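Q: I have a model open beside its sequence, and I would like to learn how to read it feature by feature. Where shall we begin?

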Amino acid sequence: MHKNSIAALAFCLLSFSVSAQNFVKTQGCQFMLNGKPYYYIGTNYWYGGLLQAVKGEKGRARLKQELDFLKSKGVTNLRVLAGSEGVGMENGIQRVKPALQPEHHVYKPEILESLDYLLNEMHKRDMRAVLYLSNNWEWSGGFLQYLNWNGQLADSTMRKKLNWDGQRNETSKFYTCQSCMQDYSKQVKLIVTHINKYSHIAYSNDPTIMAWELANEPRPMRTEAFGAFKKWVLAAATYIKSIDKNHLVTTGTEGVMGSEGSAKLFSDVHAFKPIDYLTIHIWPKNWGWFRDTSIAENLPQVISKSVAYIRQHEAIAKALDKPLVLEEFGLPRDAQSFDPTSTTSSRNKYYEAVFNEWKRSMKTNGSIAGCNFWAFGGTARPIAGQVFWKEGDDFMGDPPQEEQGLNAVFSTDNSTWKIIQNFTSSK
C-alpha cells in the first residue's frame, strides 16, 4: 500500500475513533463523554430548529447571538423540537408553524435544513442537543394529528377545545392505532437518517446530538392504555436503535405525574433496554401547588414538593442503574407578571433549590445527571397588550397555548443568570 494511502487510512481510523468517543454514553447512573462523567445544566430551546426557517438571515443572526450567550453562561445542552405535524387549529389553539409534516406524508425539507443550521452552530460551540420527535400535546400537532390523518379523529373534534377528559380519551387512542404509529415511525426515520446540509453528516452519525426522545411528554392518558403505551415505548425505542447505533434514546416523560400516578408504569417503561435514561418534568403551576399569583406565599410548599418529586424518581433511577434528567421545570415571574422587566425572586429561589438537588447528586455520584430549565426566551420579548402567540411573532420559550412571558427566561434576567452561572461554573 502506498504510504499516502496508509496515512489516509490511519487518519480515517483516528477520526472514526475520536468521533465515536465524542458521543454521550451511559455508564450506570452517569452520562459519559470522552471517557469522563458528563453533568450539565441546560435549557429548553424548542424553537431553535425553526429560527432559520421562519426568519431567514435574521433568524440565523438571532440563533448565533443566543448560542453565544448560552455558551457564555455555561449552558451547553439544549432540548429542541425536531418533529411537528399539521397546520391550523388543534384543541382550540393555533399550533406552532412551520411544521415538518404540514400534510399527511408531505414533508418540508427546509424545516430540517433549519435544524441542520442549529446543529452545525451548536457543534462549533461544543454543545449537545436532545431532540424530541413528536408531541403528546396539541401545540406542535403530535398524536392528535396522527389520529386525525388516520380517520380516528374528526376534523371538527380535533379543532375544537376539548375538555380534559375528552383530550385524554382521544389522545390515548394513539397507542392502539397501528397506522398512526407507522406514520410516526416514518417521520422518525426521515429525521434520524437525514443528512445535515452544512456538515454533510447524517444525524445518526452526529455526536452533537446527545439523544432522541420519543416525544414531548408522552403519557398513556388513561389507565386502560397502560399496556398499549408500554408496547409502543418499547417498539418505538427499539426501532430508533435499529436505525441509529450511536445515540441515546429516552422517553421525554414527566415522571409519575405523566404516568397517571403510577410509579410502577414509570419504572417499567424506563427499565426497557433501549431506553438509556429517565426523564422527569416538574410543573408546580399546572399541578396546583399554588394558585393564581400566590407564588411567594406558597414557595416553601412548592420547593418541598419539588424536592420530594425529584428524590422519588432519583430512587427509581438508582434502582434501574440509569441516569435521571430533570428536563423541564419552571415557575412564572413574581405575581405571575408577563412583563420582562418584572422581578423573578421566587423563580430564582426555585431554580436554586432544583440545581442544589442536581449538585448534591453530582457530588455523591448520584443518578441526577442533567437539568434543562424551561425555557430560554432569548432576545425575544412579549408584545405589549397581547397575551398569546400569533403567527409571525418571535418564539420565546412559551408555546402558543401559554401566555407569552409566563415561564420564559430572557437574556436580560440577570439575577437568574447569575444563579445559573454560579452552578455551571462549580462543576
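A: Let's begin with a small sheet, keeping in mind that this is a predicted model. Three strands make up an open sheet with antiparallel pairing, and their order is β1-β2-β3. At its edges stand β1 (25–27) and β3 (36–37), each of which pairs on one side only.

Q: Over how many bridges do β2 and β3 pair, and in which sense?

A: Strand β2 (residues 30–33) pairs with β3 over two bridges, in the antiparallel sense. To find the register on your screen, look for methionine 32: the residue opposite it in β3 is proline 37.

Q: Thanks! Now the other sheet: in what order do its eight strands run, and how are they paired?

A: This sheet is open too, with parallel pairing, and the order is β10-β9-β8-β5-β4-β13-β12-β11. The edge positions belong to β10 (248–250) and β11 (278–282); each has a single partner strand, so one side of each has no neighbour in the sheet. From one strand to the next, the twist averages 25°.

Q: What packs on this sheet, and which strands does it touch?

A: Helix α11 (residues 345–363) packs there, touching β4 (40–44), β11, β12 and β13 (368–373). The direction of helix α11 makes about 160° with that of β13.

Q: How do I follow the pairing at the β10 edge?

A: Take one pair of strands and then one pair of residues. Strand β9 (residues 209–213) pairs with β10 over three bridges, in the parallel sense. Within that pairing, glutamate 213 stands opposite threonine 250 of β10.

Q: And what about β4: which strands does it pair with, and over how many bridges?

A: β4 pairs in the parallel sense with β13 over four bridges, and also in the parallel sense with β5, over two bridges. Threonine 43 is a handy landmark here. Its bridge partner in β13 is phenylalanine 373, while its bridge partner in β5 is leucine 78.

Q: How many residues of β4 are buried?

A: Five of its five residues are buried, so to speak of β4 as mostly covered is fair by the cut-off of under 20% relative accessible area.

Q: Which helix goes with β4 and β5, and what is the handedness of the unit?

A: Helix α2 (residues 51–72) joins β4 and β5 in a β-α-β unit, and this unit is right-handed.

Q: Let's move to side chains. How many salt bridges are there?

A: The count comes to 28 salt bridges. One of them pairs arginine 79 with glutamate 328, whose closest N and O atoms are 2.8 Å apart. Arginine 79 sits in strand β5 (residues 77–81) and glutamate 328 in strand β12 (residues 324–329), so this salt bridge ties together parts that are 249 residues apart in sequence.

Q: Are arginine 79 and glutamate 328 buried or exposed?

A: Both arginine 79 and glutamate 328 are buried. Glutamate 90 and arginine 95 form another salt bridge, at 2.9 Å from N to O, and both of these residues are buried as well. Arginine 125 and glutamate 121 also meet in a salt bridge, with an N to O distance of 2.8 Å. Arginine 125 counts as buried because its relative accessibility is 13%; for glutamate 121, also buried, the relative accessible area is 4%.

Q: Which residues are linked in a network of salt bridges?

A: Look for Asp165, Arg168, Arg219, Arg222, Glu254 and Glu260, which salt bridges link into a network.

Q: Last topic: cysteines. Which ones are joined by a disulfide?

A: The structure holds one disulfide, and it joins cysteine 177 to cysteine 180 with an S to S distance of 2.2 Å. Both of these cysteines are buried.

Q: Why is the disulfide right-handed?

A: The handedness comes from the torsion about the S-S bond of cysteine 177 and cysteine 180, which is about 70°, so the disulfide is right-handed.

Q: And why is there no bond between cysteine 29 and cysteine 371?

A: Distance settles that one. The closest cysteine sulfur to that of cysteine 29 is in cysteine 371, and at 15 Å it is too far for a bond. Both are buried, though: cysteine 29 has 13% relative accessibility, and cysteine 371 has a relative accessible area of 0%.

Terms used: Residues are numbered from 1 along each chain as its sequence is written. This is a predicted model: local features need pLDDT of at least 70, side-chain atom pairs count only at pLDDT 80 or more; totals for chains, interfaces and linings use all residues. Side-chain values use heavy atoms; hydrogens and water are left out. A disulfide is a pair of cysteine sulfur atoms within 2.5 Å. Buried means under 20% relative accessible area, exposed over 50%, partly exposed in between (1.4 Å probe, protein chains only). A salt bridge is a side-chain nitrogen of Lys or Arg within 4 Å of a carboxyl oxygen of Asp or Glu. Two strands pair if DSSP finds at least two bridges between them. Axes are lines fitted to C-alpha atoms, for helices over the stretch in contact, and angles run from 0 to 180 degrees between N-to-C directions. Contact means heavy atoms within 4.5 Å. A crossover is right-handed if, with the strands pointing away from the viewer, the path from the first strand over the helix to the second runs clockwise.
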